[in-house]
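Good morning, and thank you for the opportunity to speak. I shall take you through one protein model, part by part, with the sequence and the structure on the screen.

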Amino acid sequence: MSTYNILSQTERQRVSDGAVVSILSGCESSPRKLVLILPQLGDFDSLEYAWWLRRDTDRLQSQNIVIRAVGIGDRTSGQKFCDFTGFPPDCLFVDPTAQLHQTLNLYSGLALKLPGLSSGANAWLNLMLMCAGIGSPGTLAEVFRGYKGDTKAPQLIGDEEIVKAAPLPPLKGSFFKWAGGKGYQRPFELATLRLRNMTEVLTNWKTYVPNPAYLTQRGATFLFDKQGELLYQHCDRAILGFAANMSNPLSFLKDFVSDKNFN
């Protein structure tokens with residue numbers, strides 16, 4: 001069975017109204033369907049991916065790209081995720097046990113098991129090892145990129161924007177120009193946004209992560225045309241590896257739309 005057929009036949013709870021419907025409900029005839037299979041909704045990757053999508057909302061809509069996402073968690077997790085990220089709740093579905101991820105044979109992450117530990121505790125251990133780069137290629141380099149900056153990536157925080165990322169004091173976007181100028185991702189800019197995400201999740205941990213057993217599960221990105229033909233896919237193999245081009249995660253879209261500014 002094709003990936004599109006699997007997705008079209010999969011029903012999950014929609015965050016907006018709690019209805020259990022097909023995750024492709026309402027977008028079957030759309031010219032482009034961008035389907036995101038997210039890891040845990042409290043995961044770095046999920047929050048960061050949602051930030052990029054919100055940043056390019058107008059551009060995505062102008063290109064008739066409809067988004068559907070499935071994340072690991074329950075409806076309360078989804079509501080909290082949407083409140084924080086601005087992701088539309090009518091486009092987000094939840095899968096409490098990562099069943100769809102398993103059906104699609106997505107990378108479940110490091111799976112070491114120590115005797116005597118619960119599944120949740122083992123997941124925590126494996127998550128910490130993956131954050132250190134074990135079973136998670138490229139994670140440490142991506143963390144480092146968040147601190148050193150990236151001239152190939154766009155500026156992430158507007159000069160007049162205020163970012164609150166405890167325990168740091170509120171920072172104005174213009175602050176980062178002292179670290180490296182403007183017009184591209186400056187040193188510490190991405191790291192500050194990631195700190196904001198981490199603070200949000202740790203402050204509301206049980207809401208975002210009702211079941212820690214799936215902490216290491218990774219996700220995927222699929223782009224389909226109107227007929228359901230697969231145009232693009234990326235299957236995650238690491239924490240902070242939700243895109244082939246992390247400098248600009250949506251850059252793959254430029255090959256399939258008229259707007260070439262996804263770069």
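**A walk through the model**

Pro167 is located in the loop that runs between β6 (162-163) and β7 (171-172). I begin there because the peptide bond that joins Ala166 to Pro167 is cis, with an omega of about 10°, and because this is a predicted model, in which local features need a pLDDT of at least 70. Please keep in mind throughout that the model is predicted.

Let us turn to the strand β3. The residues 32-40 make up β3. Is this strand enclosed or open to the outside? Of its 9 residues, 8 are buried, so β3 is largely enclosed by the rest of the structure. 

Two neighbours pair with this strand. With β4, β3 pairs in the parallel sense, over 7 bridges, and within that pairing Leu36 stands opposite Ala69. With β8, β3 pairs in the antiparallel sense, over 6 bridges, and here Leu34 stands opposite Leu223. As a general point for those new to the subject, side chains in a regular strand alternate between the two faces of the sheet.

Leu223 leads us on to another pairing. In β9, its bridge partner is Tyr232. The strands β8 and β9, the latter covering residues 230-235, pair in the antiparallel sense over 5 bridges. What do β8 and β9 form together? They form a hairpin, with 4 residues between the two strands. In the turn of that hairpin, Gly228 has a positive phi of about 90°.

Positive phi values also appear in residues other than glycine. One such residue is Leu240, with a phi near 60°. Leu240 is placed in the segment after β9, and its relative accessible area of 7% makes it buried. Ala98 has a positive phi as well, near 55°. Where does Ala98 lie? Ala98 is in the loop between β5 and α5 (99-103). Its relative accessible area is 0%, so Ala98 is buried.

I now come to the nonpolar interior. The largest nonpolar core holds 49 residues. Which of them touch the most other members? They are Leu53, Phe81 and Phe87. Several elements give two or more residues to this core, among them β3, β4 (65-72), α4 (75-85), α6 (119-131) and α9 (189-203). The helix α2 gives the most, with 5 residues.

The helix α4 deserves a second look. Phe84 is found in this helix. Is Phe84 buried or partly exposed? Its relative accessibility is 26%, and the cut-off for a buried residue is under 20%, so Phe84 counts as partly exposed. Along the chain, Phe84 and Leu47 are 37 residues apart. In space, their C-alpha atoms are separated by 8.7 Å.

Next, the empty space inside the model. How many cavities of 30 Å³ or more are there? The count comes to 1. About 40 Å³ of space lies in the largest cavity. Its lining is formed by Ile37, Leu38, Pro39, Tyr49, Ala220, Thr221, Asp236 and Phe242. By type, these lining residues divide into 6 nonpolar, 1 polar and 1 charged. Which elements each supply at least two residues of the lining? They are β3 and β8, the latter covering residues 220-225. The largest share, 3 residues, comes from β3. We have thus returned to the strand that pairs with both β4 and β8.

Finally, the cysteines. How many disulfides does a search of the whole structure find? The search finds 0. Cys82, for instance, is in no disulfide, and the nearest cysteine sulfur, that of Cys91, is 8.8 Å away. For a disulfide, two cysteine sulfur atoms must be within 2.5 Å, so a separation of this kind does not qualify. Cys82 counts as buried, at 8% relative accessibility. Cys131, with a relative accessible area of 29%, is partly exposed.

To close, I would ask you to find three places on the screen. The cis peptide bond is between Ala166 and Pro167. The hairpin is formed by β8 and β9. The strand β3 has 8 of its 9 residues buried. Thank you for your attention.

Key:
Residues numbered from 1 in each chain as written. Predicted model: local features only at pLDDT ≥ 70, side-chain atom pairs only at ≥ 80, totals over all residues. Heavy atoms only, no water. Buried < 20%, exposed > 50% of the residue type's maximum accessible area, 1.4 Å probe, protein only. 1 Å grid on protein atoms, 1.4 Å probe; cavity = no way out; pocket = protein on both sides within 12 Å on 5 of 7 lines; lining within 4 Å. Points joined across faces, edges and corners; volume = space filled by probe spheres on them. Nonpolar A, V, L, I, M, F, W, Y, C, P; charged D, E, K, R; others polar. Pairing = 2+ DSSP bridges. Core = buried A, V, L, I, M, F, W, Y, C linked by side-chain atoms within 4.5 Å.
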